[in-house]
Amino acid sequence: MSSFLEQLSFQVNSVGVWSSTHKKLANYTINDVEFIFYVQGGSKTTIVGAEYECQQNDFMVLEPMQLYSSENDGIVETEYYFIHFDVEPVLYLKPFIECFRTPITRIENPQRVINIFKMIQREVRCREQGYISTINALIKLLSIEVLRSQQHGTSTALVGRSAKSAAELFVDQCIAHISRNLKGDCSVESLSSHFNLSKNYIYKAFMQVLHEPPSKYVTRMRMLRAKSLLLTDLFTIEEVAEEVGYATLAHFSKVFKQYTQYSPREYKKRTLSQ
């Protein structure tokens, strides 16, 4: 396991603490890997159709391009630490996720995990010399804490299967189809033809479940994929554009800059030089 982790690097996109005293149900997807650690309260979270009762000291590992639903406790304040990050090389994303036997784990040493999250927050905020290497080491340390807890049998039990609405089940199917076909046609027209459903139904389903149109979701996923591919050295920028479904480099560069504030070349140079 240690030798595998040594081959990985991580780019942090956001890190912080979230809290709420109100009961709230939300459906969502994420663009990157997310680690969540509950320090107070909890939630009922559905991950790929499996429902988990998350409580204090539970650690959650979420992968990109999945549909999740979460309802926080609402009885007591819910608070958790979180970190969003990309895994590089992108080809190792799936093996990294598969290292964790279950997406929810009860942590044996919660204070140590809290301290690691706080150190990551400090490194991101202060950006002192060597902070990228330090953050990478800390994320690997977090991963090891979770894996050790899983080895000692402290995974949180599955409590049931979720009863999803027709719209949620359909959007689930769309997300899986889109993730397999980012290089091809993922337009609403294409989805309509593939699933033999009207464009209006597809649009309404996405708005009901994810609160964004399918076109915006597809673009977000393509930008996530593009950011990862740009840092692998396996593809030229022109090839990255093709891999994420853009017919011309000019169109890809325009959309990429809208999302990242950098051209693909600038993003690659800036990120690799950190």
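A salt bridge is a side-chain nitrogen of Lys or Arg within 4 Å of a carboxyl oxygen of Asp or Glu. Keep that in mind for the first few points, and remember throughout that this is a predicted model.

1. Let's start with a pair to find on screen. The side chains of Glu243 and Lys183 meet in a salt bridge, with N and O 3.3 Å apart. What makes the pair fun is where the partners sit: Glu243 belongs to helix H9 (residues 237–243), while Lys183 is in the loop between helix H5 (166–180) and helix H6 (188–195). The two are 60 residues apart, so to speak of distant parts of the chain being linked is fair. Glu243 is partly exposed at 22% relative accessible area, and Lys183 is partly exposed too, at 47%.

2. Now try Arg220 and Glu212. Their closest N and O atoms are 2.5 Å apart, and they form a salt bridge. Are these two buried or exposed? Both Arg220 and Glu212 are buried.

3. Next comes a little network. Salt bridges with shared partners tie Arg122, Glu123 and Glu128 together. Within it, Arg122 bridges to Glu123, and the closest N and O atoms there are 3.7 Å apart. Arg122 has a relative accessible area of 35%, which makes it partly exposed. Glu123 comes out at 15%, and buried means under 20%, so Glu123 counts as buried. How many salt bridges does a search of the whole structure find? The count is 8.

4. Strand E6 (residues 58–62) deserves a good look. Why can we call E6 largely enclosed by the rest of the structure? Because 5 of its 5 residues are buried. In a regular strand, side chains alternate between the two faces of the sheet. In E6, Asp58, Met60 and Leu62 are on one side, Phe59 and Val61 are on the other, and both faces are covered.

5. Who are the neighbours of E6? Strand E3 (residues 33–40) runs antiparallel to E6 and is joined to it by 4 bridges. One pair to look for is Phe35 with its bridge partner Val61 in E6. Strand E9 (residues 104–106) also pairs with E6 in the antiparallel sense, over 3 bridges. Here, Met60 has Ile104 in E9 as its bridge partner.

6. On to the empty spaces. The largest pocket has a volume of about 850 Å³. Its lining has 33 residues, and those nearest the centre are Gln11, Val12, Asn13, Lys227 and Tyr267. Elements giving two or more residues to this lining include strand E1 (9–20), helix H4 (131–151) and helix H8 (214–230). E1 provides the largest share, 7 residues. By type, the lining of the largest pocket splits into 15 nonpolar, 11 polar and 7 charged residues.

7. The second largest pocket has a volume of about 570 Å³. Of its 26 lining residues, Pro64, Met65, Leu93, Ser179 and Arg225 are the closest to the centre. Two or more residues each come from E8, helix H2 (93–98), H5 and H8. Which element gives the largest share of this lining? That is H5, with 5 residues. The lining of the second largest pocket divides into 12 nonpolar, 5 polar and 9 charged residues.

How values were computed
Residues are numbered from 1 along each chain as its sequence is written. This is a predicted model: local features need pLDDT of at least 70, side-chain atom pairs count only at pLDDT 80 or more; totals for chains, interfaces and linings use all residues. Side-chain values use heavy atoms; hydrogens and water are left out. Buried means under 20% relative accessible area, exposed over 50%, partly exposed in between (1.4 Å probe, protein chains only). Two strands pair if DSSP finds at least two bridges between them. On a 1 Å grid over the protein atoms alone, a cavity is a set of points where a 1.4 Å probe fits but cannot get out, and a pocket is an open set with protein on both sides within 12 Å along at least five of seven lines; lining residues have an atom within 4 Å of a point. Grid points are joined across faces, edges and corners, and a volume is the space filled by probe spheres set on the points. Ala, Val, Leu, Ile, Met, Phe, Trp, Tyr, Cys and Pro count as nonpolar, Asp, Glu, Lys and Arg as charged, and the others, Gly among them, as polar.
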